[in-house]
Amino acid sequence: MDRTEPETASRPDLAAMIVPLGRALTAAERPILRDHGLSMWAYMVLLHLDEQPIRTQAALADTVGADKTRIIAVLDDLAARGLIHRQPDPADRRARLLSITEAGRRTRDAAQTAIQQQEERLLGRLPPAQRRGFLDALQTLYQDLAGPSHPNPPR
């Protein structure tokens, strides 16, 4: 095969490979998240609430790809458990600033550590050079597709 020709005929479409992998990874994460008292949406919220408070619940819902009306119950639960903090925005008292608490950071970090330990077993199937290339390519594609509002993958 000529190296200048695309390899499309010799491989499945990207979505055909990534979607089943994503589903399998998500299914493998659920028991870990359950052990840490988190739903997938709660984990996504904690991943995205890190350094800077997010101004509104709608902005957070947009950032994590959730319906803004359905994420309220997730935020209520996280706030009741002391994992996030909601405070009035001094610039607009109708809006709420959302931020992660220290307890939320510890919960998120513990869950993420356990998830990444599980991922290490999967990634261990790849030779080191392939593994690094896979992770680099995945991060590059994530950044390209997520756009400027997501300059880096969540933690």
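Two strands count as paired when DSSP finds at least two bridges between them. Keep that in mind for the opening stop, and remember that this is a predicted model.

**Stop 1: the strands.** Select residues 84-89, strand β1, and then residues 92-100, strand β2. The two run antiparallel, and 6 bridges join them. Now pick out Ile84 and look across to β2: the residue standing opposite is Ile100. Next, go to the turn. How many residues sit between β1 and β2 in the hairpin? There are 2.

**Stop 2: helix α5.** Select residues 102-123 and you have α5, a helix of 22 residues. Put a distance between its first and last C-alpha and you should get 30 Å, close to the 32 Å expected at 1.5 Å a residue.

Now show the side chains of Gly104, Thr107, Arg108, Ala111, Gln112, Ala114, Ile115 and Leu123, the buried residues of α5. What covers them? The cover includes α1, α2 (40-48), β2 and α6, so colour each of those for a good view. You've already met β2 as the hairpin partner of β1.

**Stop 3: a nonpolar patch.** Turn on the surface and select Leu21, Leu25, Leu122, Leu126, Phe134 and Leu138. Together they make a nonpolar surface patch of about 440 Å². Two elements give two or more residues to this patch: α1 (14-35) and α6 (128-146).

Finish by zooming in on Phe134, which lies in helix α6. Why does Phe134 count as partly exposed? Because its relative accessibility is 36%, and partly exposed covers what falls between under 20% (buried) and over 50% (exposed).

Key: Residues are numbered from 1 along each chain as its sequence is written. This is a predicted model: local features need pLDDT of at least 70, side-chain atom pairs count only at pLDDT 80 or more; totals for chains, interfaces and linings use all residues. Side-chain values use heavy atoms; hydrogens and water are left out. Patches are made of residues with over 30% relative accessible area and no salt bridge: like charges are joined within 9 Å, nonpolar side chains (Val, Leu, Ile, Met, Phe, Trp, Tyr) within 5 Å. Accessible areas come from the Shrake-Rupley method with a 1.4 Å probe; for residues, only the protein chains shown count as cover. A salt bridge is a side-chain nitrogen of Lys or Arg within 4 Å of a carboxyl oxygen of Asp or Glu. Helices (H or I, at least four residues) and strands (E, at least two) are DSSP runs, numbered from the N terminus. Buried means under 20% relative accessible area, exposed over 50%, partly exposed in between (1.4 Å probe, protein chains only). The expected span of a helix is 1.5 Å times one less than its number of residues. Contact means heavy atoms within 4.5 Å.
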